[in-house]
Amino acid sequence: MLLENITKTMNYAKSLLLTLAASLAVAGSALAQPAPLPPAATQSGVTYATDLKPIFDAACVKCHSGDKAKARLHMDTLEGVLKGAKMGPILKAGDSANSLIVKAVAHLTKDQDSWMPPLRNKAGIKPLTPEQIGLLRAWIDQGAK
Ligand code: HEC
(Lines give C-alpha, C1' and ligand atoms only; values in the text may rest on other atoms or scores of the structure.)
Protein backbone atom coordinates (compact mmCIF):
# COMPACT_ATOMS: atom_id res chain seq x y z
CA MET A 1 0.00 0.00 0.00
CA LEU A 2 2.74 2.41 1.00
CA LEU A 3 4.76 1.46 -2.07
CA GLU A 4 1.72 1.95 -4.27
CA ASN A 5 1.20 5.45 -2.88
CA ILE A 6 4.80 6.36 -3.45
CA THR A 7 4.58 5.20 -7.07
CA LYS A 8 1.37 7.22 -7.54
CA THR A 9 2.99 10.33 -6.08
CA MET A 10 6.03 9.91 -8.29
CA ASN A 11 3.88 9.51 -11.40
CA TYR A 12 2.00 12.64 -10.43
CA ALA A 13 5.25 14.54 -9.96
CA LYS A 14 6.46 13.30 -13.32
CA SER A 15 3.35 14.49 -15.13
CA LEU A 16 3.61 17.85 -13.37
CA LEU A 17 7.19 18.21 -14.55
CA LEU A 18 6.23 17.29 -18.11
CA THR A 19 3.43 19.88 -18.11
CA LEU A 20 5.85 22.46 -16.74
CA ALA A 21 8.43 21.63 -19.39
CA ALA A 22 5.79 21.88 -22.13
CA SER A 23 4.59 25.30 -20.96
CA LEU A 24 8.17 26.54 -20.71
CA ALA A 25 8.75 25.47 -24.31
CA VAL A 26 5.65 27.41 -25.41
CA ALA A 27 6.77 30.49 -23.47
CA GLY A 28 10.24 30.19 -24.98
CA SER A 29 8.98 30.09 -28.55
CA ALA A 30 6.71 33.09 -27.84
CA LEU A 31 9.79 35.02 -26.68
CA ALA A 32 11.65 34.08 -29.85
CA GLN A 33 8.93 35.63 -32.07
CA PRO A 34 9.97 38.98 -33.54
CA ALA A 35 8.63 41.82 -31.42
CA PRO A 36 5.82 43.79 -33.07
CA LEU A 37 6.64 47.37 -34.05
CA PRO A 38 4.76 49.85 -31.82
CA PRO A 39 2.75 52.42 -33.82
CA ALA A 40 4.01 55.99 -34.24
CA ALA A 41 2.70 58.44 -31.65
CA THR A 42 -0.14 60.66 -32.89
CA GLN A 43 1.45 63.75 -31.31
CA SER A 44 2.34 66.46 -33.84
CA GLY A 45 5.37 68.76 -33.81
CA VAL A 46 7.73 66.15 -32.28
CA THR A 47 11.31 67.49 -32.10
CA TYR A 48 14.70 66.20 -31.04
CA ALA A 49 15.16 68.98 -28.47
CA THR A 50 11.85 68.63 -26.63
CA ASP A 51 10.88 65.01 -27.10
CA LEU A 52 13.81 62.79 -28.07
CA LYS A 53 16.82 64.24 -26.27
CA PRO A 54 15.51 63.28 -22.81
CA ILE A 55 14.95 59.70 -23.99
CA PHE A 56 18.36 59.46 -25.67
CA ASP A 57 20.07 61.06 -22.64
CA ALA A 58 18.60 58.41 -20.35
CA ALA A 59 19.01 55.34 -22.56
CA CYS A 60 21.74 55.91 -25.15
CA VAL A 61 24.15 58.76 -24.41
CA LYS A 62 26.15 56.85 -21.82
CA CYS A 63 27.59 54.72 -24.65
CA HIS A 64 26.98 57.00 -27.63
CA SER A 65 28.85 60.21 -26.83
CA GLY A 66 32.39 61.51 -26.41
CA ASP A 67 35.71 60.16 -27.72
CA LYS A 68 34.77 56.53 -27.17
CA ALA A 69 31.24 56.67 -28.63
CA LYS A 70 30.23 53.12 -29.60
CA ALA A 71 29.98 52.61 -33.37
CA ARG A 72 31.18 56.27 -33.52
CA LEU A 73 27.54 57.26 -33.07
CA HIS A 74 26.96 60.50 -31.12
CA MET A 75 23.44 60.78 -29.77
CA ASP A 76 23.87 63.84 -27.55
CA THR A 77 23.31 66.26 -30.46
CA LEU A 78 20.81 66.34 -33.32
CA GLU A 79 23.72 66.63 -35.78
CA GLY A 80 25.31 63.50 -34.34
CA VAL A 81 22.12 61.44 -34.61
CA LEU A 82 21.55 62.62 -38.20
CA LYS A 83 25.18 61.92 -39.15
CA GLY A 84 24.79 58.33 -37.95
CA ALA A 85 27.23 55.56 -37.05
CA LYS A 86 30.53 54.46 -38.56
CA MET A 87 28.73 52.34 -41.14
CA GLY A 88 26.34 55.09 -42.15
CA PRO A 89 23.03 56.79 -41.39
CA ILE A 90 20.78 55.20 -38.75
CA LEU A 91 17.53 56.76 -39.88
CA LYS A 92 15.56 57.65 -43.00
CA ALA A 93 13.65 60.88 -42.39
CA GLY A 94 9.99 60.22 -43.24
CA ASP A 95 10.32 56.43 -43.00
CA SER A 96 10.61 55.26 -39.40
CA ALA A 97 9.66 51.64 -40.12
CA ASN A 98 12.75 51.26 -42.31
CA SER A 99 15.11 53.16 -40.02
CA LEU A 100 17.88 51.15 -38.35
CA ILE A 101 17.52 53.03 -35.06
CA VAL A 102 13.85 51.98 -34.83
CA LYS A 103 14.64 48.36 -35.69
CA ALA A 104 17.41 48.41 -33.07
CA VAL A 105 15.22 49.69 -30.21
CA ALA A 106 12.21 47.56 -31.22
CA HIS A 107 14.37 44.40 -31.40
CA LEU A 108 13.57 43.84 -35.06
CA THR A 109 17.10 43.32 -36.36
CA LYS A 110 18.11 39.68 -36.91
CA ASP A 111 21.37 40.26 -35.11
CA GLN A 112 20.68 40.62 -31.39
CA ASP A 113 23.99 42.51 -31.00
CA SER A 114 22.25 45.42 -32.71
CA TRP A 115 19.39 45.55 -30.19
CA MET A 116 19.68 48.85 -28.32
CA PRO A 117 20.30 49.44 -25.53
CA PRO A 118 22.15 46.10 -25.43
CA LEU A 119 20.07 43.51 -23.55
CA ARG A 120 22.26 42.90 -20.52
CA ASN A 121 24.23 46.12 -20.27
CA LYS A 122 26.27 46.77 -17.13
CA ALA A 123 24.65 50.17 -16.65
CA GLY A 124 21.28 48.41 -16.15
CA ILE A 125 19.61 50.58 -18.81
CA LYS A 126 16.18 49.17 -19.68
CA PRO A 127 14.71 48.76 -23.19
CA LEU A 128 12.65 51.67 -24.51
CA THR A 129 8.92 51.45 -23.79
CA PRO A 130 6.43 51.12 -26.68
CA GLU A 131 5.44 54.76 -25.99
CA GLN A 132 9.05 55.94 -26.34
CA ILE A 133 9.45 53.95 -29.55
CA GLY A 134 6.20 55.53 -30.79
CA LEU A 135 7.63 59.01 -30.14
CA LEU A 136 10.87 58.09 -31.92
CA ARG A 137 8.85 56.89 -34.90
CA ALA A 138 6.69 60.05 -34.96
CA TRP A 139 9.86 62.20 -34.83
CA ILE A 140 11.41 60.37 -37.81
CA ASP A 141 8.13 60.26 -39.77
CA GLN A 142 7.78 64.03 -39.24
CA GLY A 143 11.20 64.66 -40.78
CA ALA A 144 13.60 64.27 -37.80
CA LYS A 145 13.84 67.98 -36.95
C1 HEC B 1 25.65 50.01 -22.77
C2 HEC B 1 26.10 50.64 -23.97
C3 HEC B 1 25.08 51.05 -25.01
C4 HEC B 1 23.90 51.71 -24.83
C5 HEC B 1 23.27 52.17 -23.54
C6 HEC B 1 23.36 51.92 -26.15
N7 HEC B 1 24.18 51.40 -27.09
FE8 HEC B 1 23.92 51.49 -29.12
N9 HEC B 1 25.66 50.47 -29.39
C10 HEC B 1 26.46 49.97 -28.39
C11 HEC B 1 27.51 49.18 -28.97
C12 HEC B 1 28.58 48.44 -28.20
C13 HEC B 1 27.32 49.23 -30.36
C14 HEC B 1 28.13 48.55 -31.44
C15 HEC B 1 27.43 47.25 -31.78
C16 HEC B 1 28.02 46.57 -32.95
O17 HEC B 1 29.01 47.08 -33.51
O18 HEC B 1 27.48 45.52 -33.33
C19 HEC B 1 26.16 50.06 -30.59
C20 HEC B 1 25.65 50.34 -31.85
C21 HEC B 1 24.51 51.08 -32.09
C22 HEC B 1 23.96 51.35 -33.39
C23 HEC B 1 24.54 50.89 -34.69
C24 HEC B 1 23.80 49.60 -35.02
C25 HEC B 1 24.64 48.49 -35.51
O26 HEC B 1 24.06 47.59 -36.10
O27 HEC B 1 25.87 48.50 -35.26
C28 HEC B 1 22.81 52.07 -33.20
C29 HEC B 1 21.84 52.59 -34.28
C30 HEC B 1 22.65 52.26 -31.78
N31 HEC B 1 23.71 51.64 -31.13
C32 HEC B 1 21.61 52.92 -31.19
C33 HEC B 1 21.43 53.03 -29.83
C34 HEC B 1 20.28 53.69 -29.25
C35 HEC B 1 19.17 54.35 -30.02
C36 HEC B 1 20.43 53.59 -27.91
C37 HEC B 1 19.49 54.05 -26.85
C38 HEC B 1 18.10 53.71 -26.98
C39 HEC B 1 21.66 52.86 -27.65
N40 HEC B 1 22.25 52.54 -28.84
C41 HEC B 1 22.16 52.56 -26.40
C42 HEC B 1 26.31 50.19 -27.04
C43 HEC B 1 25.25 50.84 -26.44
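The secondary structure of the chain comprises 5 helices and 0 strands. The model is a predicted one. From the N terminus, the elements follow the order α-α-α-α-α. The chain has 145 residues, of which 23% count as buried. Among contacts with a separation of 6 or more, 60% join residues 24 or more positions apart.

Helix α5 spans residues 130–141. Its 12 residues should cover 16 Å at 1.5 Å a residue, and its end C-alpha atoms are indeed 16 Å apart, so the two values agree. Burial is extensive in this helix: 9 of the 12 residues of α5 are buried. Helix α5 is therefore largely enclosed by the rest of the structure. The buried positions are Gln 132, Ile 133, Gly 134, Leu 135, Leu 136, Arg 137, Ala 138, Trp 139 and Ile 140. The cover over these buried residues includes α2 (48–59) and α4. Just after α5, Gly 143 adopts a positive phi of about 105°.

Two residues of α5 show where its contacts lie. Leu 136 is in contact with Leu 52, Val 102 and Val 105, neighbours within four places in sequence being left aside. Ala 138 also lies in helix α5. Ala 138 has 20 other C-beta atoms within 10 Å and is buried; the cut-off for a buried residue is 20 or more, so Ala 138 just qualifies. With neighbours within four places in sequence again left aside, Ala 138 is in contact with Ala 40, Ala 41, Gln 43 and Val 46. The C-alpha atoms of Ala 138 and Gly 45 are 8.9 Å apart, although 93 residues separate the two along the chain.

Helix α2 departs from the straight-helix span. It has 12 residues, yet the end C-alpha atoms of α2 are only 14 Å apart. A straight helix would reach 16 Å at 1.5 Å a residue. The buried residues of α2 are Leu 52, Ile 55, Phe 56 and Ala 59. These residues cover an arc of only 95° around the axis, which places them on the same side of α2. An α-helix has 3.6 residues a turn, so residues three or four places apart point the same way. The buried residues of α2 pack against α5. On the other side of α2, Ala 49, Thr 50 and Pro 54 are exposed.

Ala 49 illustrates the exposed side. This residue is placed in helix α2. Ala 49 has 9 other C-beta atoms within 10 Å and is exposed; the cut-off for an exposed residue is 12 or fewer. Ala 49 and Thr 77 are 28 residues apart in sequence, and their C-alpha atoms are 8.8 Å apart in space.

The largest nonpolar core holds 26 residues. Val 102, Val 105, Leu 135, Leu 136 and Trp 139 touch the most other members. Helices α2, α4 and α5 each supply at least two residues of this core. The most comes from α5, which gives 6 residues. In soluble globular proteins, nonpolar side chains tend to be buried together.

Helix α4 covers residues 100–105. Leu 100 has its place in this helix. With 19 other C-beta atoms within 10 Å, Leu 100 is partly exposed; a buried residue needs 20 or more, so Leu 100 falls short of that cut-off. Beyond neighbours within four places in sequence, Leu 100 is in contact with Ile 90 and Leu 91. Leu 100 and Ile 90 are 10 residues apart in sequence, and 5.0 Å separates their C-alpha atoms.

Helix α4 also figures in the surroundings of the ligand. It provides the largest share of the shell around the ligand, 4 residues. There are 23 residues around the ligand in total. Of these, Cys 60, Cys 63, Lys 70, Ser 114 and Met 116 come nearest. By class, the shell has 17 nonpolar, 3 polar and 3 charged residues.

Conventions. Residues are numbered from 1 along each chain as its sequence is written. This is a predicted model: local features need pLDDT of at least 70, side-chain atom pairs count only at pLDDT 80 or more; totals for chains, interfaces and linings use all residues. Two residues are in contact if their C-beta atoms, placed from the backbone, lie within 7 Å. A residue is near a molecule or strand if its C-beta atom, placed from the backbone, lies within 6 Å of it. Ala, Val, Leu, Ile, Met, Phe, Trp, Tyr, Cys and Pro count as nonpolar, Asp, Glu, Lys and Arg as charged, and the others, Gly among them, as polar. The expected span of a helix is 1.5 Å times one less than its number of residues. A nonpolar core is a set of buried Ala, Val, Leu, Ile, Met, Phe, Trp, Tyr and Cys residues joined through C-beta atoms within 7 Å. The arc is that of the directions from the helix axis to the C-beta atoms.
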